[in-house]
Amino acid sequence: MESSRIKILVDSYFEGTTTRDEERELANYLATSDNLPAEYASVKMMFEAMGLLREIEAPKAVQQPRQRLSWRHITTAVTVAASILLAIVITTNKELYSASPAPAIICHVDGLYVSDQAIAEQEARRILGNMNANVNLAMASVDKINILATKR
Amino acid sequence: MKNETQYIELVSELRNTIYRLVLSITSNSAEAEDIVQDVFERIWRIRDKVLNSTFPRAYACRIAHNLAIDRQRTTARRQVFDLNEKVSGSNDGYNSADLSDIANLTRRIIASLPEKQRLAIHLRDVEGYEMEEIAEVLGMDETNVRMNLSRARKSVREELTKLINYGVKQN
């Protein structure tokens with residue numbers, strides 16, 4: 001390459017006005033020239049350094065972007081979670097879905113649960129009867145007291 | 001679905017470019033890795049906008065640049081980045097200095113440049129972007145891009161010339 005051509009290319013390069021083709025032409029000359037003028041040593045150094053910097057590759061860790069979540073992934077996950085939750089609720093609350101109806105009457109007699117209606121009514125009457133007898137006895141006692149008070 | 005495919009293609013094409021760009025700003029490979037992942041996530045969130053832009057890779061580079069600058073301001077520290085494990089240099093007789101050392105020095109010189117100059121020279125001379133793409137990233141017209149590129153190149157040459165002259169004096 002003629003020295004005048006090199007000077008034009010180098011000057012244009014440092015003015016920032018070279019095209020990509022011209023820069024490639026200049027790079028090729030600098031890399032292959034056997035009798036490079038000393039004034040262009042720094043230019044050669046620049047081009048070689050840039051070439052080395054261009055060879056740097058990203059580490060493996062950044063070879064792929066992090067896994068992205070799409071709406072499809074999210075809805076699938078929500079559906080699965082809801083199904084699992086529903087299954088847990090059903091298995092831990094079996095009696096709520098049992099075919100047997102819940103007992104209508106539940107009462108507590110002498111420490112025992114009684115669900116039979118007839119037995120529950122019988123016990124209720126017995127208790128009320130005892131209460132009634134006790135009330136009558138109490139009232140009779142009150143009457144005796146009044147009589148005694150009146151006689152004095 | 002189509003956008004997802006295009007996104008993956010764009011990211012695959014740009015992952016090295018984005019990494020190098022971010023690394024040129026942070027000078028810290030671990031931090032650069034982290035920022036690059038953030039860049040990918042950001043691009044994903046606005047993938048329609050990026051993919052439909054005139055210069056998708058320029059748009060992606062602008063996102064990367066802005067995120068890296070923001071992180072740098074937050075972190076407010078620099079670490080030395082060793083290129084030796086990444087670069088296979090050859091000793092071509094530059095005053096007994098290894099080529100990887102020259103690449104390291106060049107990288108540091110570029111890192112010390114003003115933001116616009118640093119971006120212009122990196123995108124042009126390292127990544128090979130066209131002027132109109134660089135203008136898109138920098139948010140300026142091509143005339144200003146060339147001006148920043150010119151200043152950056154001259155600064156790099158000046159510092160490298162000092163190195164060569166220093167080496168000559170030593171010998």
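This briefing covers the interface between chain A and chain B and the largest pocket. The model is predicted. Chain A and chain B bury about 3900 Å² between them. Glu23(A) appears in both topics: it forms a salt bridge with Arg124(B), and it is among the residues nearest the centre of the largest pocket.

**Interface of chain A and chain B**

- Chain A brings 33 residues to the contact, and chain B brings 45.
- Carbon and sulfur atoms give 59% of the buried area of about 3900 Å².
- Four salt bridges link chain A and chain B.
- In the salt bridge of Glu23(A) with Arg124(B), the closest N and O atoms are 3.2 Å apart.
- Polar contacts across the interface number 14 residue pairs, with both residues at pLDDT 80 or more.

**The side of chain A that touches chain B**

- Three helices of chain A each supply at least two residues here: H1 (3–15), H2 (20–32) and H3 (41–54).
- H3(A) gives the most, with twelve residues.
- By class, this side has 16 nonpolar, ten charged and seven polar residues.

**Largest pocket**

- The volume of the largest pocket is about 330 Å³.
- Its lining consists of 16 residues.
- Nearest the centre lie Glu23(A), Ala27(A), Phe47(A), Arg54(A) and Asp125(B).
- H2 and H3 of chain A each supply at least two residues of the lining, as does helix H6 (115–126) of chain B.
- The lining divides into eight charged, six nonpolar and two polar residues.

Methods. Residues numbered from 1 in each chain as written. Chains lettered and ligands numbered in written order. Predicted model: local features only at pLDDT ≥ 70, side-chain atom pairs only at ≥ 80, totals over all residues. Heavy atoms only, no water. Contact = heavy atoms within 4.5 Å. Buried area = accessible area lost by both parts, 1.4 Å probe. Salt bridge = Lys/Arg side-chain N within 4 Å of Asp/Glu carboxyl O. Polar contact = N/O pair within 3.5 Å; in protein donor to acceptor, adjacent residues only side chain to side chain. Helix = DSSP H or I, 4+ residues; strand = E, 2+ residues; numbered from the N terminus. Nonpolar A, V, L, I, M, F, W, Y, C, P; charged D, E, K, R; others polar. 1 Å grid on protein atoms, 1.4 Å probe; cavity = no way out; pocket = protein on both sides within 12 Å on 5 of 7 lines; lining within 4 Å. Points joined across faces, edges and corners; volume = space filled by probe spheres on them.
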